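Q: Please examine closely the aromatic pairs and salt bridges of this model, with attention to where their partners sit and how far they are covered. A single connected account would be preferred.

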Amino acid sequence: MRFPIDRLRAQLRLPFWHRADIEAEVQSHLAEACAELAQEGMEPAQAEATALERFGSLDGVGEALQAVHRDWSGGATVRQALRRAIRKTVRHVVLIVAYAALNLASFPVPFMAVLGLSSILPPAVTSFRVIGWAIGGVMLTGWGLWSILVAYAAVRAIGAGTLTGTLIGATAAVMVAALGSPHWHRAPWHYPPGTVRAYVAWWMLASIVAGSTVGGYLGARSLRKAAVESREPSAQDRGSA
Amino acid sequence: MYGYRIIKELSARSERHFQMKEGSLYPVLHQLEKDGLLTTEWQEQRGKPSRRYYHLTSKGRKELARAKGQFNAHVRAMRSVLEPGS
């Protein structure tokens with residue numbers, strides 16, 4: 001049964017999908033009321049009229065709902081989405097330019113990692129801060145901070161547990177160390193001990209191992225925290241709504 | 001709980017003290033949802049229109065506890081004024 005709720009519809013200046021959602025809720029309410037009245041022995045036509053009467057002024061409810069959702073008028077949400085898309089595009093362009101400027105030999109890997117990070121981090125941690133940390137980390141502390149970020153992103157993307165995440169980070173670090181890096185030229189143990197180059201190479205290796213382990217742990221921990229926060233409310237909570 | 005059920009519960013628990021126009025509930029629910037105090041989900045019903053269920057969020061639970069505390073304090077204060085020495 002469809003109830004005549006044109007007067008409510010007329011008040012809603014919302015996108016059609018949003019309006020349909022509200023209309024469906026009102027129709028569902030009226031149908032439920034009508035069914036209950038019919039069960040009590042009321043004639044269908046009378047039940048329908050009574051349900052509508054009990055619901056109250058459709059104009060008034062429509063007006064109040066429009067006031068609640070007034071942000072929708074003029075497509076504010078669409079504008080917001082557009083702004084977000086533009087910001088994202090600008091961010092990626094800045095990333096490309098920044099990495100091109102740094103002229104890093106391993107450009108694609110860190111670029112993809114930062115891209116991943118910028119899409120998964122919570123809003124409070126802005127992407128530009130992450131870019132700043134990543135570039136600053138590379139330039140100031142060798143590969144340590146960078147490794148934290150990469151492992152963090154990887155573990156979050158994989159969805160690993162805390163222990164597994166830490167192990168993934170550590171394993172990745174060892175693999176990177178074993179395979180070497182275009183920046184190292186040679187593994188640290190190939191340099192004459194006590195030379196500056198050997199110290200720098202050992203520092204890089206140590207920072208990658210430590211950074212990846214910490215990053216893996218942090219990534220997994222943040223996932224666990226997010227899972228706890230997004231858990232469905234309990235039956236008791238549902239009862240109180 | 002869904003809108004119609006909330007109305008019925010409100011009426012039953014208040015022993016029909018709160019009798020309001022049913023439609024007036026929805027703007028309130030939508031505002032609470034917009035404020036992040038409630039979340040909603042549609043549930044299919046066999047042979048009946050779908051229902052939109054409302055659930056309290058963690059923010060909503062905190063706000064409810066705060067409002068309950070405020071209300072109880074208000075009631076205690078009023079009782080002290082109206083029934084001194086009770």
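A: The account below begins with chain A as a whole and then turns to the aromatic pairs and the salt bridges.

This is a predicted model, in which local features need pLDDT of at least 70 and side-chain atom pairs count only at pLDDT 80 or more, whereas totals for chains, interfaces and linings use all residues. Residues are numbered from 1 along each chain as its sequence is written, chains are lettered from A and ligands numbered from 1 in the order in which they are written, and side-chain values use heavy atoms, with hydrogens and water left out.

Chain A contains eleven helices and zero strands (DSSP runs numbered from the N terminus: helices are H or I with at least four residues, strands are E with at least two). Its order along the sequence is accordingly α-α-α-α-α-α-α-α-α-α-α. Of the 241 residues in chain A, 38% are buried (under 20% relative accessible area; exposed is over 50% and partly exposed lies in between, with a 1.4 Å probe and protein chains only). Among the contacts of chain A with a separation of 6 or more, 62% join residues 24 or more positions apart, a contact being heavy atoms within 4.5 Å. The exposed surface of chain A is about 13800 Å², and 65% of it comes from carbon and sulfur atoms (Shrake-Rupley method, 1.4 Å probe; for residues, only the protein chains shown count as cover).

Over all chains there are two aromatic pairs (rings of Phe, Tyr and the six-membered ring of Trp with centres within 6.5 Å; planes under 30 degrees apart are stacked, over 60 edge-to-face, the rest tilted). In one of them, A:F55 and B:Y26 are stacked, with 6.1 Å between centres and 25° between planes. This pair crosses between chains, joining A:F55 in helix α3 (residues 44-55) of chain A to B:Y26 in helix α2 (residues 25-34) of chain B. A:F55 and B:Y26 are both buried. B:Y2 and B:Y53 form an edge-to-face pair, at 5.3 Å centre to centre and 70° between the planes. Because B:Y2 lies in the segment before α1 (3-13) of chain B and B:Y53 in strand β2 (residues 48-56) of chain B, the pair ties together parts that are 51 residues apart in sequence. B:Y2 and B:Y53 are likewise buried.

The salt bridges over all chains number 14 (a side-chain nitrogen of Lys or Arg within 4 Å of a carboxyl oxygen of Asp or Glu). A:R7 and A:D59 form one of them, at 2.5 Å from N to O. The two are 52 residues apart, with A:R7 in helix α1 (residues 6-11) and A:D59 in helix α4 (residues 58-68) of chain A. A:R7 is exposed, at 52% relative accessibility, while A:D59 is partly exposed, at 22%.

Helix α3 of chain A also takes part in salt bridges that cross between chains. A:E53 meets B:K21 at 2.9 Å, N to O, which links helix α3 of chain A to the loop between α1 and α2 of chain B. B:K21 is partly exposed, with a relative accessible area of 39%. B:E22 and A:R54 form a salt bridge at 2.9 Å, N to O, again from the loop between α1 and α2 of chain B to helix α3 of chain A. Here B:E22 is buried, at 5% relative accessibility, and A:R54 is partly exposed, at 22%. Finally, A:D6, A:R9, A:R19 and A:E23 belong to one network of salt bridges that share partners.
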